[in-house]
Amino acid sequence: MTSPFAAAMIEARSSGARISLPQDVPADRAAAFAAQAETLAGLGLGVAGFKVGASGRTGEPTAAPLATDTVFRDHTRIITTAERPLWLEAEVAMVVGRDLPCDHGLSQDEVLDAMEGLAAAIEIVEPRIVEWPNIPPLAAMADFQANGGTVVSAVGRKATGVKVEDLKVIFEMGTVHVEVPGANYPGQDMNRLPTWMVNHMAGWGPEMAARGLKKGDVIITGSWVGVIPAEAGETATVTVPGIGSVSVEVAAG
């Protein structure tokens with residue numbers, strides 16, 4: 001049975017309209033993950049990857065599936081309006097190179113070795129709830145952490161042997177130019193995140209646990225620049241030197 005919160009999310013995503021915060025916010029992480037799974041099922045969408053992030057090296061990660069119709073390669077075009085503003089985040093992605101089971105026995109080295117490698121990414125932030133970001137954390141989680149789309153480059157480097165301190169992310173859009181060295185990445189340790197995913201797939205239920213991670217899945221690992229409003233008439237670019245570059249054209253609606 002679909003929960004009332006998931007039903008509201010299905011309606012919002014189907015209609016393209018933002019809604020007021022539903023009353024029955026999920027009570028815990030399990031309920032928030034269940035609402036995500038129910039929303040995907042209700043929309044008839046599959047999974048193309050995951051967004052996962054954490055605050056620092058020890059913070060508990062939060063995560064959400066990336067729906068199959070929301071992942072784009074290299075470039076896409078979005079429309080932002082006064083009623084439905086959009087935001088952008090600059091991220092480093094990992095692309096899965098071979099299927100991985102939901103298995104608590106896999107080490108971090110084994111999981112990283114199963115990655116095809118690293119890619120540049122832009123996350124399109126499109127909350128379905130009008131009051132966002134001033135909503136309960138579990139409501140935000142159930143709304144897929146406000147993920148509206150992801151643009152990912154081709155893989156430019158293996159994931160093994162890479163320290164986040166060796167990377168740099170550059171975000172450019174109009175007059176905005178932000179460079180973030182790896183030492184300032186808010187998550188501090190992105191390498192632990194895909195291992196956490198493999199160990200926690202059962203949180204979305206038995207079907208997701210049986211699925212595990214699939215070859216080609218995209219895993220985005222948290223914003224390096226915070227959340228930046230998408231500016232109509234500009235093109236946003238994210239470059240990770242030595243890895244790749246992606247862009248999003250922003251049009252006015």
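## Strand β6 and its partners

In β6, M115 is the bridge partner of V96. Strands here, like helices, are DSSP runs numbered from the N terminus: a strand is E with at least two residues, a helix is H or I with at least four. The model is predicted, so local features need pLDDT of at least 70 and side-chain atom pairs count only at pLDDT 80 or more, while totals for chains, interfaces and linings use all residues. Residues are numbered from 1 along each chain as its sequence is written, and side-chain values use heavy atoms, with hydrogens and water left out.

Strand β5 (residues 87-96) runs antiparallel to β6, and the two pair over ten bridges. Strands count as paired if DSSP finds at least two bridges between them. β6 also pairs with strand β7 (residues 147-152), again in the antiparallel sense, over five bridges. There, V152 in β7 is the bridge partner of A121. Strand β6 itself (residues 115-125) is mostly covered, with ten of its eleven residues buried. Buried means under 20% relative accessible area, exposed means over 50%, and partly exposed is in between, using a 1.4 Å probe and protein chains only.

## Helix α1

Now for the helices. α1 has twelve residues, and its first and last C-alpha atoms are 16 Å apart, close to the 16 Å expected at 1.5 Å a residue. That expected span is 1.5 Å times one less than the number of residues. F5, A6, M9, I10 and A12 are its buried residues. Seen down the axis, they fall within an arc of 165 degrees, so they line one face of α1. The arc is taken from the directions from the helix axis to the C-beta atoms.

Turned away from that buried side are the exposed residues P4, E11 and S14. Among the elements covering the buried residues of α1 are α2 and α4. After α1 comes G16, with a positive phi near 80 degrees.

## Helix α2

Helix α2 (residues 29-43) has 15 residues, which should span 21 Å at 1.5 Å a residue, and its end C-alpha atoms are indeed 21 Å apart. Its buried residues are A32, F33, A35, Q36, T39 and L40. These cover an arc of only 155 degrees around the axis, which puts them on the same side of α2. The general rule is that an α-helix has 3.6 residues a turn, so residues three or four places apart point the same way.

The cover over the buried residues of α2 includes α1 (4-15), β1 (47-53), β2 (62-67), α4 (137-142) and α5 (193-200). At the start of α2, a side-chain oxygen of D28 comes to within 3.3 Å of the backbone nitrogen of A30. The helix is followed by G44, whose phi is positive, near 70 degrees.

One residue of α2 to look at is L40, which is buried at a relative accessible area of 4%. Leaving out neighbours within four places in sequence, L40 is in contact with L45, G46, V47, P65, A67 and F144; contact means heavy atoms within 4.5 Å. The C-alpha atoms of L40 and A6 are 9.2 Å apart, though 34 residues separate them along the chain.

## The nonpolar cores

The largest nonpolar core has 75 residues, and L88, L118, F171 and W224 have the most contacts inside it. Such a core is a set of buried Ala, Val, Leu, Ile, Met, Phe, Trp, Tyr and Cys residues joined through side-chain atoms within 4.5 Å. Apart from the largest core lies another, of ten residues, including L66, A93, A119 and V218.

Residues that W224 touches, not counting those up to four places away in sequence, include A90, V92, V164, L167 and Y185.

## Loops worth a look

T70 sits in the loop between β2 and β3 (71-73) and is buried, with a relative accessible area of 6%. A polar atom of its side chain lies 2.7 Å from the backbone oxygen of A67. Not counting residues up to four places away in sequence, T70 touches R13, N147, G148, G149 and T150.

The loop between α4 and β7 holds F144 and A146. Neither is a glycine, yet phi is positive in F144, at about 60 degrees, and in A146, near 65 degrees. F144 counts as buried at 2% relative accessibility, and A146 counts as buried at 2% too. In the loop between β6 and α4 lies P133; the peptide bond from W132 to P133 is cis, with omega near 10 degrees.

Key
A polar contact is a pair of N or O atoms within 3.5 Å; within protein, one must be able to donate a hydrogen and the other to accept it, and residues adjacent in sequence count only if both atoms are side-chain atoms.
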